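This report walks through one protein chain, moving from its surface to its helices, its ring contacts and its charged pairs. Please keep the sequence and the structure in view while reading.

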Amino acid sequence: MPAHVTTSWRDRVEAQPSDDGCLLKLKGVWKLSDGLISPSEVLSGDPVLKGAGHVTVDGTEIESWDSALVCFLVDFKKAGDAAGRRIDFSALPDGAQRLVKLALAVPEREGAKQSGGTSAGFVETLGKQTLEAWKGAGEMMGFLGETVIALGQVLRGKARFRKSDILLVFDECGPKALPIVTLISFLVGMILAFVGLVQLEQFGADIYVANLVAIAMVREMGGMMTGIIMAGRTGAAFAAQLGTMQVNDEIAAFRTFSIPPIGFLVLPRMLALIIAVPLLTCYANVVGMLGGSAVTGAMSDVSLLQYYVQTVGSADLVDWASGLFKASVYGVIIAVAGCMRGIQSGKNAAAVGQAATSAVVLAIVMIILAEAVLTILYQIMGI
């Protein structure tokens, strides 16, 4: 509650001796905008209240009030009980009495009140984030282990999922992704050609723009851009689908019927992406080369035939195979990230949205990391 505690309480609180103890008269306006009065300061600061064992709170002179009055009364009751004093609210307005009873009847939830302490230091924050990252890595390794076991069951012909699910998922993440893959790949090819052409023109080597675009698309950019597109498009969809199933207790129902969710829900999506992402990567490579040819033809004297001949001679089967292998790895990463976050989702609408966002971020980070690791391995292996 955005209100401050003030010590100017004497104009609104007056204590008078009575036959059975003390009469505490509340008067004036009680608004949050005027600040909160500290009950402990009233108890210790008024000499009449100090020795009173019974305190009757009178609100007949209160002009207007909001939750500031209720906050004071609740805290005053708690402070009086702690000091062994009997607090009587019978002379308060009926609405205030009901609100105080309700506030005292329901215990305060742990963590509901904002802490007034200092914020955590750098070392503490770093430690907490490290522990969370370690826990997340353990959960991911466990999920990967279950997925590998499920893949082994597929190879042995003992997997429990519907073959038609693979076709349904493939239709969603394959043909329906062609428009966005086409647009992004064509633009990436144009950008590579433009950057390369500006530099190579200085040396009269315009023709080698075709080599640059072909190698970059086939080995690196085609698969990576396709993977990032599919992470945002398909990975988020997987997380949302499985997260919604988690909210509706459908995944719990699978376990009740001894149907493993990993095999029935994750495997079809993973197998579909392992097939779809390399195929989309092949398509993206070709479209990127076309984008590069459009820029080269418009900005240089290189003909379309020259560009084609140079492209064919620059990227061989090893280059295509290395790029497609990366694409297959990206497909596994997208499926694992999306399905894992979906199955780990909480059981509310906000948790489903958070799972989808987390799936996209995790998939993109892992794709970039896998790209770097595989590129280094290819370099070491001389591929």
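## A nonpolar patch on the surface

In this predicted model, Ile 180, Leu 183, Phe 186, Leu 187, Ile 191, Phe 194, Val 195, Val 198, Val 286, Leu 290 and Met 299 together make a nonpolar surface patch of about 930 Å². Two elements, helix H7 (178-200) and helix H10 (261-299), each give two or more residues to the nonpolar patch, and H7 supplies the largest share, with eight residues.

Phe 194 is one of the residues in this patch and is found in helix H7. Its relative accessible area of 43% lies between the limits of 20% and 50%, and Phe 194 is therefore described as partly exposed.

## Domains

The domain assignment of the chain gives domain 1, covering 3-105, and domain 2, covering 149-381. Taken over C-alpha atoms, the centres of domain 1 and domain 2 are separated by 66 Å.

## Helix H3

Helix H3 runs over residues 67-82, and its 16 residues should span 22 Å at 1.5 Å a residue, which agrees with the 23 Å between its end C-alpha atoms. The buried residues in H3 are Ala 68, Leu 69, Val 70, Cys 71, Phe 72, Leu 73, Val 74, Phe 76, Lys 77 and Gly 80, a list that includes the charged residue Lys 77. H3 is followed by Gly 84, which has a positive phi, near 80°.

## The aromatic pair

A search of the whole structure finds one aromatic pair. The rings belong to Phe 254 and Phe 264, and because their planes stand at 40°, with the centres 5.1 Å apart, the pair is tilted. Phe 254 lies in helix H9 (residues 250-256) and Phe 264 in helix H10, so the pair ties together parts that are 10 residues apart in sequence. Both partners are on the covered side of the accessibility scale, since Phe 254 and Phe 264 are each buried.

## Loops on either side of H9

Two residues other than glycine have a positive phi in the loops that adjoin H9: Asp 249, with phi near 65°, and Ser 258, with phi of about 60°. Asp 249 is found in the loop between helix H8 (209-247) and H9, whereas Ser 258 has its place in the loop between H9 and H10.

The accessibility of each residue can be stated as well. Asp 249 has a relative accessible area of 37% and is therefore partly exposed, while Ser 258, at 54% relative accessibility, passes the cut-off of over 50% and so counts as exposed.

## Salt bridges

Side chains of opposite charge can pair when their charged atoms come close. With nitrogen and carboxyl oxygen required to lie within 4 Å, the count comes to seven salt bridges. One of them joins Lys 347 to Asp 249, with the closest N and O atoms 2.7 Å apart. This pair links distant parts of the chain, 98 residues apart, for Lys 347 is in the loop between helix H12 (317-343) and H13 and Asp 249 is in the loop between H8 and H9. Lys 347 is exposed, with a relative accessible area of 53%, whereas Asp 249, at 37%, counts as partly exposed.

The side chains of Glu 371 and Lys 326 also meet in a salt bridge, at 3.5 Å from N to O. Glu 371 lies in helix H13 and Lys 326 in helix H12, so this pair ties together parts that are 45 residues apart in sequence. Both residues fall under the 20% limit and are therefore buried, Glu 371 at 9% relative accessibility and Lys 326 at 1%. Elsewhere, salt bridges that share partners join Asp 171, Glu 172 and Lys 176 into one network. Within this network, Lys 176 forms a salt bridge with Glu 172, the closest N and O atoms being 3.1 Å apart. Lys 176 is partly exposed, with a relative accessible area of 43%, and Glu 172 likewise counts as partly exposed, at 42%.

## A further position in H13

Leu 362 is found in helix H13 (residues 349-381), and its relative accessible area of 15% means that Leu 362 is buried. Leu 362 and Val 336 are 26 residues apart in sequence, and their C-alpha atoms are 9.8 Å apart in space.

Conventions
Residues are numbered from 1 along each chain as its sequence is written. This is a predicted model: local features need pLDDT of at least 70, side-chain atom pairs count only at pLDDT 80 or more; totals for chains, interfaces and linings use all residues. Side-chain values use heavy atoms; hydrogens and water are left out. Domain bounds come from an automatic or database domain assignment. Patches are made of residues with over 30% relative accessible area and no salt bridge: like charges are joined within 9 Å, nonpolar side chains (Val, Leu, Ile, Met, Phe, Trp, Tyr) within 5 Å. Accessible areas come from the Shrake-Rupley method with a 1.4 Å probe; for residues, only the protein chains shown count as cover. Helices (H or I, at least four residues) and strands (E, at least two) are DSSP runs, numbered from the N terminus. Buried means under 20% relative accessible area, exposed over 50%, partly exposed in between (1.4 Å probe, protein chains only). The expected span of a helix is 1.5 Å times one less than its number of residues. Rings of Phe, Tyr and Trp (its six-membered ring) pair if their centres lie within 6.5 Å; planes under 30 degrees apart count as stacked, over 60 as edge-to-face and the rest as tilted.
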